[in-house]
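Open the model in your viewer and keep the selection box at hand. The stops below say what to select next and what is there.

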Amino acid sequence: MTLFYYGTFATFAGLGAQLGLLGNHTFAGIEGAPSAVALAWLGPVIGALSRVGAGQVSDKIRGGRVTTVMAVCNIIGLLALWLYKPTTVSGCWIWLLVMFWVFFWTGVGNASTTEQMAVLFPPLQGGAVVGWTSAVGAYGPFTIGMLLAECGAGAMFGISTLIFVAILAINVYYYDRKNAPDLC
């Protein structure tokens, strides 16, 4: 569960901290490109709002099912960000929309994984697990920033994609398949 929450919250918080710089770097040399700094606040707002709605959906249809959908959608978005390099103003807007897609789905994952923890663990343990995973997830801005600084955007998006592939595989096997050991 720590990996799940780290993947969702670290990506959400880390990209929230880096979106302006990352976007301006990605759009460098494209005349008339939108200002990623001016629009950077939208990503965290989208993620926060999606978390609210996804909590209610997770309670109704199971957090494990929502986490599966979230992981697939994040893999799609992160792969697109890894592979797509805008060369026009409209391409910059496409890149921003894909980034906002990732924010939306990481917000959904923040809610669905928290719901899973509440189901998987008794109340006293559940509180400790949520606390631990939140503390680890808080390293997101640091780790995303370090990956960007040391390896570049391509590597950061590639590593983030691999994290969500692991989340998807673990979630489907343990929490979201017929006869799963801990269906939740």
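The tour goes from a salt-bridge network to the surface, then inward to buried residues.

**Before you start**

This is a predicted model: local features need pLDDT of at least 70, side-chain atom pairs count only at pLDDT 80 or more, and totals for chains, interfaces and linings use all residues. Residues are numbered from 1 along each chain as its sequence is written, and side-chain values use heavy atoms, with hydrogens and water left out.

**Stop 1: Arg62, Arg65 and Asp176**

Select Arg62, Arg65 and Asp176. Salt bridges link these residues in a network. A salt bridge here is a side-chain nitrogen of Lys or Arg within 4 Å of a carboxyl oxygen of Asp or Glu. The count by this rule is 2 salt bridges.

Begin with the pair Asp176 and Arg62. Their side chains meet at 2.7 Å, N to O. What does this pair tie together? Asp176 sits in the segment after α8 and Arg62 in the loop between α3 and α4, so the bridge ties together parts that are 114 residues apart in sequence. Helices are DSSP runs (H or I, at least four residues), numbered from the N terminus.

Now show Arg65 with Asp176. The closest N and O atoms of this salt bridge are 2.9 Å apart. This pair also links distant parts of the chain: Arg65 is in helix α4, Asp176 is in the segment after α8, and their positions lie 111 residues apart in the count along the chain.

Is Asp176 buried or exposed? Asp176 counts as buried, at 6% relative accessibility. Buried means under 20% relative accessible area, exposed over 50%, and partly exposed in between (1.4 Å probe, protein chains only). Arg62 is partly exposed at 24%. Arg65 is partly exposed too, at 38%.

Stay on Arg62 and check its backbone. Arg62 is not a glycine, yet its phi is positive, about 95 degrees.

**Stop 2: Asn179**

Move on to Asn179, in the segment after α8. Asn179 also has a positive phi, about 65 degrees, although it is not a glycine. Asn179 counts as exposed, at 67% relative accessibility.

**Stop 3: a nonpolar surface patch**

Select Leu3, Ile170, Tyr173 and Tyr174 and switch on the surface. These residues form a nonpolar patch with about 350 Å² of accessible area together. Patches are made of residues with over 30% relative accessible area and no salt bridge; like charges are joined within 9 Å, and nonpolar side chains (Val, Leu, Ile, Met, Phe, Trp, Tyr) within 5 Å. Accessible areas come from the Shrake-Rupley method with a 1.4 Å probe.

Which helix gives the most to the nonpolar patch? Helix α8 (residues 153–174) does, with 3 residues. Click on Tyr173, which lies in helix α8. Tyr173 is partly exposed, at 44% relative accessibility.

**Stop 4: Thr87 and Ile30**

Go to Thr87, in the loop between α4 (63–83) and α5. Thr87 counts as exposed, at 66% relative accessibility. Draw a distance to Ile30. The two are 57 residues apart in sequence and 6.6 Å apart in space, C-alpha to C-alpha.

**Stop 5: Gln116**

Turn inward and select Gln116, in helix α5 (residues 89–120). Gln116 is buried, with a relative accessible area of 0%. What does the side chain of Gln116 make a polar contact with? Its partner is the side chain of Asn171, at 2.9 Å. A polar contact is a pair of N or O atoms within 3.5 Å; within protein, one must be able to donate a hydrogen and the other to accept it, and residues adjacent in sequence count only if both atoms are side-chain atoms.

Show what surrounds Gln116. Contact means heavy atoms within 4.5 Å. Leaving aside neighbours within four places in sequence, Gln116 is in contact with Met1, Phe4, Gly63, Gly64, Thr67, Asn171, Tyr175 and Cys184.

**Stop 6: Leu22**

Select Leu22, in helix α1 (residues 2–26). Leu22 counts as buried, at 5% relative accessibility. Not counting residues up to four places away in sequence, Leu22 touches Leu15, Trp95, Met99, Leu148, Ala153, Met156 and Phe157. For a longer span, draw a line to Val66: the C-alpha atoms are separated by 29 Å, with the residues 44 apart along the chain.

**Stop 7: the cysteines**

How many disulfides are there? The count comes to 0, where a disulfide is a pair of cysteine sulfur atoms within 2.5 Å. Select Cys73. Its sulfur is 18 Å from the closest cysteine sulfur, in Cys184, too far for a bond. Cys73 is buried, with a relative accessible area of 11%. Finish on Cys92, buried at 0%.

Definitions and conventions. Helices (H or I, at least four residues) and strands (E, at least two) are DSSP runs, numbered from the N terminus.
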